[in-house]
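User: I would like to learn how to read a protein model, one feature after another. Could you guide me through this one?

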Amino acid sequence: GGGDPVAAPLAGTIFKVIVSAGQAVQEGDVLVILEAMKMETEVRSTVSGTVTKINVNEGDSVQVGQTMMLVS
């Protein structure tokens, strides 16, 4: 349980975490901005719900497929 994982689409660094735990989000909302190869990529929610857990902080490095947060 815990919700739907939001996975990193590519390896990079967390530039900005837009949402906070407990925040309601809609499908398509920007959750995180990821920086890779000097490009910023917006990671959007694929579901509507509530952010239940955030596993990353700004400046963290992530790998492809790593769970950055949960939305339920």
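**Reading the model**

Analyst: At 44% relative accessibility, Glu42 is classed as partly exposed, because that term covers values between buried (under 20% relative accessible area) and exposed (over 50%), with a 1.4 Å probe and protein chains only. This is a predicted model, in which local features need pLDDT of at least 70 and side-chain atom pairs count only at pLDDT 80 or more, while totals for chains, interfaces and linings use all residues. Residues are numbered from 1 along each chain as its sequence is written, and side-chain values use heavy atoms, leaving out hydrogens and water.

User: Which residue does the side chain of Glu42 meet in a salt bridge?

Analyst: A salt bridge is a side-chain nitrogen of Lys or Arg within 4 Å of a carboxyl oxygen of Asp or Glu. Here the side chain of Glu42 meets that of Arg44, at 2.6 Å from N to O, and a search of the whole structure finds 1 salt bridge. Arg44 counts as partly exposed, at 43% relative accessibility.

User: What is the order of the strands in the open sheet?

Analyst: Strands of a sheet pair through backbone hydrogen bonds, either parallel or antiparallel. Strands are DSSP runs (E, at least two residues) numbered from the N terminus, and two of them pair if DSSP finds at least two bridges between them. In this open sheet of 4 strands the order is β5-β4-β2-β7, with antiparallel pairing. β5 (39–44) and β7 (61–62) stand at the edges with a single partner strand each, so one side of each has no neighbour in the sheet. Between β2 (residues 12–17) and β7 there are 2 bridges, and Thr13 has Ser61 in β7 as its bridge partner.
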